[in-house]
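Visitor: Could you take me through a few of the labels used here, and show me what stands behind each one?
Guide: Sure, let's have a look together.

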Amino acid sequence: MIPGKDTTVEKNDSQKEKYGSFSLFDIEHFLRRILKNWYWFVFMLLIGYVISWVYSKYYAQNVYSSNLSLSVSNNTSNYFTPNQSINFIWAQTGNQDGIYLKKMLLSRSHNEFLVKELDLFVNYSTKGAIKSTFLDKDDSPVFLQIDKKHAQQINYPITLMPKGNGTYEVVLPEEGQSTNLYSYESEGYQSVNAYERPANKVIKVGEWYNSPNLRFKLVQNPVKAKITLDKIIVNLTSVNQAVNDIVSSISVDFDKEINSIMIIGKTGYNLNSTVSFLNKSVAELQKKRLIDKNTVDKNTESYLQGNLDDIRKRLDSSAAVLNYLKTSEKLYDIKDRDEKSLSKIKDLEAKKADLESKLNSLNTIRRTLETQNFDKMISTNAAGFEDGLFTASVSELKALYLKKREMASIYKPNSEPMLEINRLINDAKLSSSNSLKNYYTGYYTEINKINQQVSDANSDLLSYPEKQRKYLDAERGYNMIEATYNSLLGRQNETQMRMATNQSDITVIDPAKNVGQGPIGPNVKGTKAAIMGGLLVLPLLFILIGTVLDNRIRNIKELLNATRIPLLGVIGNNSNENMLTVLEQPKSSVSESFRGIRANMRFLSVENGKSKIILVTSSIGGEGKTYVSINLASVLGLSDKKTILLGMDLRKPKIFGDFKIDNKYGISNYLTGEVSIDQIINKTNIPNLDVATSGPIPPNPSELLMSDKNIKFLEELKNIYDFIIIDSPPVGLVADSYELMKYSDANLYVVRHEYTEKYMLKMITEKYHNNEIEHLGLVYNDYDAKQGYGYGYGYGYGYGYFDEDKNYKEPLLIRIRNKVRTVFNKK
């Protein structure tokens with residue numbers, strides 16, 4: 001039975017809206033596709049099991065972790081370690097000094113130093129039949145020491161085979177030698193000329209191995225290896241790669257209860273390697289921390305020593321002048337000396353000398369700030385003050401300049417973050433300069449007071465003779481220089497005392513240690529489940545995505561349920577390039593399908609004994625309406641019905657090529673009055689089939705098709721022919737076919753399998769159920785019966801009924817499926 005409109009029940013608006021609407025997701029179709037492709041799930045499950053078994057057996061590398069805990073005390077504040085005041089700048093809270101140390105532990109500079117110090121760019125491993133095992137450096141009986149002046153090939157396995165008596169055979173890969181070598185001096189790459197693979201060579205411990213891409217020697221491990229190795233595989237990496245690998249494997253956390261306690265962890269493929277690295281890393285950090293604390297005191301001690309050397313020279317010169325006056329002028333015994341005034345002047349000038357010394361130190365600090373040479377900063381103690389605000393502002397300024405350099409590589413100079421960092425720098429500079437100005441003002445005020453007091457005291461000495469005043473001036477100069485020397489010497493002693501008592505503020509609580517802890521990974525069971533589950537999900541995901549995104553007509557049953565338009569027939573796939581299937585393959589299943597359409601067309605209109613106009617259209621081009629028009633006309637012509645095929649798709653003429661007809665004159669010429677009707681009608685090889693081609697493409701095809709002359713043309717043809725087949729334009733692109741349908745007796749709408757989009761049928765379905773179009777039937781074209789989208793059509797493949805059956809061969813998967821079904825049916 002051909003499904004059609006249900007004319008016995010009146011449809012409401014909501015029911016009509018459902019027509020032409022396909023479901024977004026068809027769960028039944030989805031499940032059918034899963035069941036149909038069950039073998040893929042079984043196959044993926046087996047593949048996943050094999051992969052997970054091989055992975056866990058031969059490739060899974062155990063990952064180990066070691067930890068070290070330390071405490072951080074922040075009882076001092078200097079220019080080189082952050083302080084709590086920095087929190088107000090970056091809105092950070094908590095143990096800021098700990099955060100600073102965390103960044104140090106994860107910094108490139110710190111880890112690069114360790115890589116170079118410990119030769120961590122040289123990696124040791126051994127290998128069994130398949131699986132490789134990573135070694136700690138001390139597990140190897142020999143160390144590989146490279147010549148850093150020679151370019152080396154990295155990521156190139158070097159195999160050392162023990163040969164006894166301290167000799168090893170160097171075996172290099174059969175291929176893979178590169179002309180792009182790495183320089184450990186410049187940490188860059190350089191090219192060399194092409195060369196042949198270096199031959200295997202036996203070398204002794206301490207003997208240099210030379211090749212175009214390698215130069216190294218073996219050094220005996222002073223510690224006897226605990227395991228005997230059949231082979232040692234050495235891999236060189238770049239410094240940058242080694243640093244990145246280390247940084248990515250380090251974790252730094254703070255104790256939840258005491259935030260000054262840090263827990264540092266490292267993961268790796270060898271437990272001993274992680275232990276030795278952590279202990280070495282923290283030991284180096286302790287040294288650097290102590291160096292940072294001593295840097296200011298060292299700078300200060302050096303600065304004071306330089307000043308002391310200069311003052312000592314001046315003191316010696318002043319002493320020589322004073323001795324000369326004593327011996328040559330006999331002025332060492334001045335009668336009636338005003339000891340009270342002289343003592344007062346001596347004390348005042350000693351204070352003045354101390355203040356001037358502090359002013360010099362203050363000038364040095366100011367110049368260092370202006371030049372941003374923070375590493376040369378001296379202690380504020382040398383300038384005679386301890387100011388926490390000034391120390392904090394300098395520390396903040398140093399941190400801000402470092403932050404600005406980092407941000408400069410990311411942001412533009414006029415961007416908002418850069419403007420903000422510049423504002424913060426200006427604030428910190430203003431704060432530090434204001435602090436210095438206060439001390440400058442205080443020192444100059446004190447010096448002016450001293451100068452006034454010295455001037456007052458000098459007035460009491462004006463009564464002395466000139467020679468005696470000359471001696472007293474020399475004595476005062478000597479005393480002033482001596483006071484300056486003693487002041488600098490005292491501050492130098494204080495600085496040296498601080499340097500002698502300085503200690504690192506990092507204390508290791510629990511060092512990293514190998515206590516036989518087991519691996520933390522990989523999770524072999526979880527990995528197996530993930531591999532097998534992931535592979536099972538793949539076909540499911542493909543089927544799901546394919547179902548959701550499947551917007552093309554693939555199922556005849558779904559098509560009929562959505563449109564409720566009668567189905568006149570199903571046309572199989574045409575494997576020939578020529579569209580004259582009925583003429584050239586009359587015994588094919590496709591030809592039989594057109595005969596079935598011819599028989600079913602009687603259901604679309606009432607038999608009245610008159611000629612019938614049959615219009616063939618589709619949604620868009622490429623769906624086969626011309627193919628259906630040609631073969632339907634051929635079937636009618638072969639059945640002794642006088643038939644004419646009209647090419648009324650004036651925008652895209654096609655018919656003339658298949659029938660080998662000249663398209664110089666056609667329907668467009670006739671409708672414009674250029675030729676007569678007899679000039680456009682062409683005979684074919686079928687006696688009862690004539691063809692009128694479209695003719696040249698006109699500028700106004702719609703107006704021509706809708707013209708009265710075209711209607712009269714069709715009426716005139718009805719008097720001559722039994723059937724008039726119209727190959728009309730697609731309704732999804734132009735509205736011409738809808739107008740022509742007013743004069744047709746039957747309308748065939750071609751839907752192409754896996755080509756026509758579902759949404760394209762919305763308009764034609766609505767018009768049909770709104771009774772705007774009558775006598776409409778669907779023709780399902782290019783259907784592939786092998787795919788199994790069943791609706792009862794396409795029967796006959798493989799049963800010897802049609803011409804195609806003699807060459808038909810079932811696909812492999814279908815044959816396997818049928819075998820399985822046969823086995824289960826027997827049971």
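Visitor: Let's start with Glu420. What makes it count as buried, partly exposed or exposed?
Guide: Its relative accessibility is 33%. Buried means under 20% relative accessible area, exposed over 50%, and partly exposed is in between (1.4 Å probe, protein chains only). Glu420 therefore counts as partly exposed. Before we go on: this is a predicted model, where local features need pLDDT of at least 70 and side-chain atom pairs count only at pLDDT 80 or more, while totals for chains, interfaces and linings use all residues. Residues are numbered from 1 along each chain as its sequence is written, and side-chain values use heavy atoms, with hydrogens and water left out.

Visitor: Why is the pairing of Arg423 and Glu420 called a salt bridge?
Guide: The term asks for a side-chain nitrogen of Lys or Arg within 4 Å of a carboxyl oxygen of Asp or Glu. Here the N to O distance is 2.6 Å, so the pair fits the rule. Arg423 is partly exposed, at 40% relative accessible area.

Visitor: How do you know that about one helical turn separates Arg423 and Glu420?
Guide: Because they are 3 residues apart in helix H11 (residues 416-458). Helices (H or I, at least four residues) and strands (E, at least two) are DSSP runs, numbered from the N terminus.

Visitor: Which residues form salt bridges with Glu284?
Guide: Lys280 meets Glu284 at 3.2 Å, N to O, and Lys287 does so with its closest N and O atoms 3.7 Å apart. Lys280 is 4 residues from Glu284 in helix H8, which means about one helical turn; Lys287 is 3 residues from Glu284 in helix H8, again about one turn.

Visitor: Is Glu284 buried or exposed?
Guide: Glu284 is buried, because its relative accessible area is 10%. Lys280, at 25%, counts as partly exposed.

Visitor: How many salt bridges does the rule give?
Guide: The count is 22. There is also a network of salt bridges that links Arg108, Glu112, Lys116 and Glu187.

Visitor: What makes the link between Arg215 and Asn210 a polar contact?
Guide: The side chains come to 2.3 Å. A polar contact is a pair of N or O atoms within 3.5 Å; within protein, one must be able to donate a hydrogen and the other to accept it, and residues adjacent in sequence count only if both atoms are side-chain atoms. So the pair qualifies. Arg215 sits in strand E11 (residues 214-220).

Visitor: What does Phe25 touch, leaving out residues up to four places away in sequence?
Guide: Phe30, Leu544, Thr547 and Val548, where contact means heavy atoms within 4.5 Å. Phe25 is in the loop between helix H1 (13-18) and helix H2 (27-36). Leu544 is 519 residues away along the chain, yet the two C-alpha atoms are separated by 9.2 Å. With 32% relative accessibility, Phe25 counts as partly exposed.
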